[in-house]
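Got the viewer open? Here is a walk through the chain, one selection at a time.

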Amino acid sequence: MHGTTILAVRKDGKVAICGDGQVTQGDTIVKGNSKKVRKIYDGKIAIGFAGSTADAFTLYELLEEKLKTYNGDLTRSAVELAKLWRMDKQLRNLEASMIATNGKELLLINGVGDVLEPEDDVLAIGSGGNFARSAARAYLDSKADMSAEEIARRSLKIAGDICIYTNHNVICEVLNG
């Protein structure tokens, strides 16, 4: 995916998901204040998405339906969404990926059928994802006295300084574990 940066950081029993607000078409910035991070399922799940906006909205609505079907079980809902996404003829063409958390579990979900948990409390997607992930890992490794949200915000700023598809208009949601 390119055109956005979404980062999730887990620290001290909290998970922060932050995303930039830039929307691009080709090499043109169309909008700078898009909200790519939001809470769903009565505020119990936070998600961030990268990719086509319409596709991302379709996927987060499908995830919320799965959460209702499986009584808020994030892992089961994510696996069922990934299976549906991969097998359905129309959904298979959606171009997006998503990070989801309930404050404990932290998952990356994509159309290839992946439902991945990080091994180091950091997940990132989008064009600036590797920059943000690297910065967040460095902050966590340094044992800096910062919250999950502070680490995510600072790491997204670093990504925005490097990646031309990422801006500094950051939206962040935090959930307790």
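## First stop: the β1–β2 hairpin

Select Arg10 and look across to Val15, the residue in β2 that is its bridge partner. Helices and strands here are DSSP runs (H or I over at least four residues for helices, E over at least two for strands), numbered from the N terminus. What you're looking at is a predicted model, in which local features need pLDDT of at least 70 and side-chain atom pairs count only at pLDDT 80 or more, while totals for chains, interfaces and linings use all residues. Residues are numbered from 1 along each chain as its sequence is written, and side-chain values use heavy atoms, with hydrogens and water left out.

Now widen the selection to both strands: β1 and β2 pair antiparallel over six bridges, where pairing requires that DSSP finds at least two bridges between two strands. Two residues sit between the strands of this hairpin, and Asp12 there takes a positive phi near 50°.

Color β2 (residues 14–19) by accessibility next. Five of its six residues are buried, so the strand is largely enclosed by the rest of the structure. Buried means under 20% relative accessible area, exposed means over 50%, and partly exposed is in between (1.4 Å probe, protein chains only). β2 also pairs with β11 (residues 171–176), antiparallel, through six bridges; pick Ala16 and you'll find Val174 of β11 opposite.

## Step back to Thr4

Go to the segment before β1 and click Thr4. Is Thr4 buried or exposed? Thr4 is buried, at a relative accessible area of 3%. Its side chain makes a polar contact with the side chain of Lys36, at 2.5 Å. A polar contact is a pair of N or O atoms within 3.5 Å; within protein, one must be able to donate a hydrogen and the other to accept it, and residues adjacent in sequence count only if both atoms are side-chain atoms. Show the surroundings too: beyond the neighbours within four places in sequence, Thr4 is in contact with residues including Asp20, Phe49, Ile125 and Tyr165. Contact means heavy atoms within 4.5 Å.

## A second hairpin

Select β3 (residues 23–25) and β4 (residues 28–31), which run antiparallel and are joined by three bridges. Gln25 has Thr28 in β4 as its bridge partner. Two residues lie between these strands, and Gly26 in the turn has a positive phi of about 65°.

## The five-stranded sheet

Show β5 through β9: five strands in an open sheet, ordered β5-β6-β7-β8-β9, with antiparallel pairing. β5 and β9 (115–116) stand at the edges with a single partner strand each, so one side of each has no neighbour in the sheet. For a look at one edge, select β8 (residues 106–110), which is joined to β9 by two antiparallel bridges. Ile109 is opposite Val115 of β9.

Add α2 to the view. This helix lies across β6, β7, β8 and β9, running at about 10° to β8. Axes are lines fitted to C-alpha atoms, for helices over the stretch in contact, and angles run from 0 to 180 degrees between N-to-C directions.

## Helix α1 and the loop after it

Select residues 53–69. With 17 residues at 1.5 Å each, α1 should span 24 Å, and its end C-alpha atoms are indeed 24 Å apart; the expected span is 1.5 Å times one less than the number of residues. Its buried residues include Ala56, Leu59, Leu63 and Leu67. Turn on β5 (37–40), β6 (45–51), α2 (74–87) and β7 (96–101), which are among what covers them. Just past the helix, Asn71 takes a positive phi of about 50°.

Move on to Asp73, in the loop between α1 and α2. Asp73 counts as partly exposed because its relative accessibility is 36%. A polar atom of its side chain lies 3.1 Å from the backbone nitrogen of Arg76.

## Last stop: helix α3

Select residues 129–141, the 13 residues of α3. Gly129, Ala132, Ala135, Ala136 and Leu140 are buried here. Down the helix axis they fall within an arc of 135°, so they line one face; the arc is that of the directions from the axis to the C-beta atoms. The face turned away carries the exposed residues Asn130 and Asp141. Covering the buried residues are, among others, β1 (5–11), β10 (122–126) and α4 (148–162). Finish on Lys143, just after α3, with its positive phi of about 60°.
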